[in-house]
Number of protein chains: 2
Amino acid sequence: MSDPKTVEADAGARERIRDAAIDCFAREGFGASVRAIATAAGVSPGLITHHFGSKDALRAECDVEVLGRYRTLKDDAVDAPSDYLRGLFPDPGAAPVLVVYMIRALGAGGEAGRRFLDQMVDELRTVMKHSVEAGIVHPSRDEEARLRTFVTQGMGGMLVEFMSDPGASPEAFVARIMSPAHETLLPLLELYTEGLFTTSDLLDTYLSLRSTTPTQETED
Amino acid sequence: MSDPKTVEADAGARERIRDAAIDCFAREGFGASVRAIATAAGVSPGLITHHFGSKDALRAECDVEVLGRYRTLKDDAVDAPSDYLRGLFPDPGAAPVLVVYMIRALGAGGEAGRRFLDQMVDELRTVMKHSVEAGIVHPSRDEEARLRTFVTQGMGGMLVEFMSDPGASPEAFVARIMSPAHETLLPLLELYTEGLFTTSDLLDTYLSLRSTTPTQETED
DNA sequence: GAGCAGGCTATACACGTGTATAGCCCGGAG
DNA sequence: CTCCGGGCTATACACGTGTATAGCCTGCTC
């Protein structure tokens, strides 16, 4: 008690390692070495094994922690979705490390990325539902497919953009992505309000083809 | 002459290594070991160093080779862009290894990915220009930004989708992506022909904000 | 105040990596 | 036939990685 920092550090050395790992993974990628994480946490490499057993186990715990933090962070901000466009991009400006961690997870593959994707689809589903009911957004013939497509392409765009300069700090990247001067904003607004094609020929032919072979369900 | 394959292979051991490397990189990622590449090429690991000097140099040569092949492959097929939607997605169904290689390069970061992106922007520029001039596609207030956005999000979507199951073979992945039954097709057709928003409020406010602060040019 | 328990560190080990080096082996020239 | 040259291989080295093991040292208990 006379040294609360030590006490807290002792009590939470494990969490300190986890947080340092999240930070390192976001900044250096998941190839960040155990030794680098240990240094960032101010502990010895052996302690990581001692507490988590393996690097993969540490990674898994980081994954659930990031997902949990992101979820609560979204739940807290759910009351003020004044910007519907931002709502369609499932990422807030806050917590850049979390965002970059998830983006990197998407690019690294594996189950973590898939869970992150599902989570964002869930969020977008809510926003989209409200927007459609409010008459702001057109309904879709396949709402779930639209949700997945929007999330995949939106996050994928961020991933590609991030990987174009992977050395950038999470803070700098998120600031750039979220800036109203970002060059993506105008094209997307145009696309969302005006569409791209001048005629509905392609959609019509696709729909007619689809109705011609109706029971062509591919469930895998 | 009795066995041209062997003759060619003998004459081009260096090229055989390069081709094997392209294949390994596409299938296993750029972390594929020199030994694995050597085995795939049917040579010893030392020969790779002997011919290329280092793994990075081999990777660089693979990059330019892939870019070159992709370019010629596109130049050959430029005469038959009967499907304008496919034209907007800058990837053909042929040469799955090339496509996956480029997708992986986009996710790995570095200059190679950036060059691939530029190449695809160039291709899409041509298609988009023709489509706009033919009156099929709405013009954009910032054509270059739209090109970059479309390519980034389209390729990013593929990257995310590929990384959801990185073990899939390039052939299987490209077949899935290009299938008319792919769940992305309908949402994108809807978006491209009908837009997303029912009103132009968001675009209007953005444009008015932009005209209020006109000389807000961010040239980097 | 002595003893002890456990978080924590330091060291070491096994392994895979990229790369350098010495030698083999086949083809061709004198 | 001899010799030699270079594409090619086999071996080895240095390094970084994740992980296991033995010991320290602080703080708590009796």
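How many residues does the contact take from chain A and from chain B? I began my reading of this predicted model with that point.

**Entry 1. Chain A against chain B**

I find that the contact takes 52 residues from chain A and 52 residues from chain B. On the side of chain A that touches chain B, I looked up the contributing helices: H7 (96-108), H8 (111-133), H9 (143-163), H11 (185-194) and H12 (201-212) each supply at least two residues. I note that H9(A) gives the most to this side, with 14 residues. By class, I record 23 nonpolar, 20 polar and 9 charged residues on the side of chain A that touches chain B.

**Entry 2. DNA strand C**

I then turned to DNA strand C, which has 17 residues around it. The nearest are A:Ala13, A:Ser44, A:Gly46, B:Ser54 and B:Lys55. From chain A, H4 supplies at least two residues of the surface near this strand, and from chain B, H3 (34-41), H4 and H5 (55-76) each do so. I note H4(A) as the source of the largest share, 4 residues. My tally by class for the surface near DNA strand C reads 6 nonpolar, 7 polar and 4 charged residues.

**Entry 3. DNA strand D**

Next I looked up DNA strand D, around which I find 17 residues. Of these, A:Ser33, A:Ser54, A:Lys55, B:Ser44 and B:Gly46 come nearest. Here chain A provides H3 (34-41), H4 (45-52) and H5 (55-76), and chain B provides H4 (45-52), each with at least two residues of the surface near the strand. The largest share comes from H4(B), which supplies 4 residues. For the surface near DNA strand D, I record 6 nonpolar, 8 polar and 3 charged residues.

**Entry 4. H2 and H5 of chain A**

How are H2(A) and H5(A) oriented to each other? I looked up the packing of H2(A), residues 13-28, on H5(A) and find an angle of about 85°, with the axes 10 Å apart. Angles of 65 to 115 degrees count as roughly perpendicular, and H2(A) and H5(A) are therefore roughly perpendicular to each other.

I also listed the residues that meet. H2(A) brings A:Arg18, A:Ala21, A:Ile22 and A:Phe25, while H5(A) brings A:Leu58, A:Glu61, A:Cys62, A:Glu65 and A:Val66. In this contact I record 6 nonpolar and 3 charged residues, with no polar ones. I add that H5(A) is also one of the helices that supply at least two residues of the surface near DNA strand D.

Note on methods: Residues are numbered from 1 along each chain as its sequence is written. Chains are lettered from A and ligands numbered from 1 in the order in which they are written. This is a predicted model: local features need pLDDT of at least 70, side-chain atom pairs count only at pLDDT 80 or more; totals for chains, interfaces and linings use all residues. A residue is near a molecule or strand if its C-beta atom, placed from the backbone, lies within 6 Å of it. Ala, Val, Leu, Ile, Met, Phe, Trp, Tyr, Cys and Pro count as nonpolar, Asp, Glu, Lys and Arg as charged, and the others, Gly among them, as polar. Two residues are in contact if their C-beta atoms, placed from the backbone, lie within 7 Å. Axes are lines fitted to C-alpha atoms, for helices over the stretch in contact, and angles run from 0 to 180 degrees between N-to-C directions. Angles under 35 degrees count as roughly parallel, over 145 as roughly antiparallel, 65 to 115 as roughly perpendicular and the rest as oblique.
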